[in-house]
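Me: I'd like to learn how to read a few features off a model. Can you walk me through them?

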Amino acid sequence: MSEALLATETGADALAPAPAPGARTFWRRLRARRSALLAAAVVALLVLVALTAPLLAALEGQDPNTYHPHLVDSASGGVPLGSFGGISGSHWLGVEPQTGRDLFARLVYGARVSLGIALCATLFQVALGVVLGLAAALGHRLLDQIVGRLTDINVALPVNILALALLAVAPDSVPRPVLLAVIMGLIGWAGTSKLVRAQALSLKALDHVAAAQLSGWSTWNIARRELLPSLAAPVLTYAALLFPSNIGTEAALSFLGVGIKPPTPSWGQMITDANTWYQAAPTYLLLPAGLLFVTVLSLTVLGEGVRTALDPRAESRLSAGVRRARKRPRRPGAAV
């Protein structure tokens, strides 16, 4: 999805960047997409759950790491006792097989970990990509070539394999969430850099940027006052689509065993532990997998809505939820 956006933004239409709409215009365009509003509501609810995870777990009266061996059947290998994975008034979504840890508490704490890592990785990717993209567009030709070669190498490398290798040799003393965010940021900045460079080169040809150069402004002042305000819309749009991609990457790395380590809860790590229990305790697999699917889908739809609201010239790839004006039948004898 993010690469498709990059191809769209750096194509022929990107040679004349559209001015960013005002706040009122942006919200009006965004409200016209009911699917984006629904996705925004889902994302807001997930963020609220992540922020209030300790309060929600305390409200249930459980915590994510306490074992409850009396709630699992040791004779059958640790299958939760009771229906639907041991759902009860004390355990709203049941318990884990073998350990008996509360699933609701682990899911809400896992939302905090998964969303937090994806957010930090996205911010790191965007910041690094903006700096390198502006340096390539405004700096010396040699610097542009160096950044271009680094970008090509970054794009050509297999991202997941490189992340696996880096995480496998990383020392255990470094906090795993911080390490994941840094590595994901270091291997995912190339798309933002390409986008910023292409947009900055097209903006350099405009009259107001040329006037600033002739007036003796420094490169930093030109970038800060003339380029960055115009780059805000495409960069924000690209970041909105990077966020769900990073959530999936974190889940995949945790699923492969090199991401978040137990006992810290993470949706990807929970799916890894549940892949042998999908028949005996299906809710143990369906709950984190369903939450991961809903989160990525909602963020993708919201990012698409933000993209079309910021640049209405770009045709939306998701046409569902767009309010279309109904054509009223013309009355006989009405003026054309």
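Me: Let's start with the surface. Which residues form a nonpolar patch there?

Reply: This is a predicted model, so keep that in mind. To join a patch, a residue needs over 30% relative accessible area. Here Leu 142, Ile 146, Leu 150, Ile 153 and Leu 157 make up a nonpolar surface patch, and together they have about 450 Å² of accessible area.

Me: Take Ile 153. Where is it found, and why is it called partly exposed?

Reply: Ile 153 lies in helix α6, residues 141–156. Partly exposed covers the range between under 20% and over 50%. Ile 153 has a relative accessible area of 47%, so it gets that label.

Me: And Ile 183, buried or exposed?

Reply: Under 20% counts as buried. Ile 183 comes in at 7%, so it's buried. It belongs to helix α8, residues 176–186. Leaving out residues up to four places away in sequence, Ile 183 touches Ala 163, Leu 166 and Leu 167. Leu 162 is 21 residues from Ile 183 in sequence, with 9.2 Å between their C-alphas.

Me: What about the interior: how many residues are in the largest nonpolar core?

Reply: A core is built from buried residues joined through side-chain atoms. The largest one here has 30 residues, and Phe 26, Leu 115 and Trp 267 are among those with the most contacts inside it. Elements giving two or more residues to this core include α2, α5 and α11, while α13 gives the most, with 8.

Me: Which residues does Trp 267 touch?

Reply: Skipping residues up to four places away in sequence, its contacts include Leu 107, Gly 110, Pro 288 and Leu 292. There's also a second, separate core of 19 residues, Leu 231 and Tyr 238 among them.

Note on methods
Residues are numbered from 1 along each chain as its sequence is written. This is a predicted model: local features need pLDDT of at least 70, side-chain atom pairs count only at pLDDT 80 or more; totals for chains, interfaces and linings use all residues. Side-chain values use heavy atoms; hydrogens and water are left out. Patches are made of residues with over 30% relative accessible area and no salt bridge: like charges are joined within 9 Å, nonpolar side chains (Val, Leu, Ile, Met, Phe, Trp, Tyr) within 5 Å. Accessible areas come from the Shrake-Rupley method with a 1.4 Å probe; for residues, only the protein chains shown count as cover. A salt bridge is a side-chain nitrogen of Lys or Arg within 4 Å of a carboxyl oxygen of Asp or Glu. Helices (H or I, at least four residues) and strands (E, at least two) are DSSP runs, numbered from the N terminus. Buried means under 20% relative accessible area, exposed over 50%, partly exposed in between (1.4 Å probe, protein chains only). A nonpolar core is a set of buried Ala, Val, Leu, Ile, Met, Phe, Trp, Tyr and Cys residues joined through side-chain atoms within 4.5 Å. Contact means heavy atoms within 4.5 Å.
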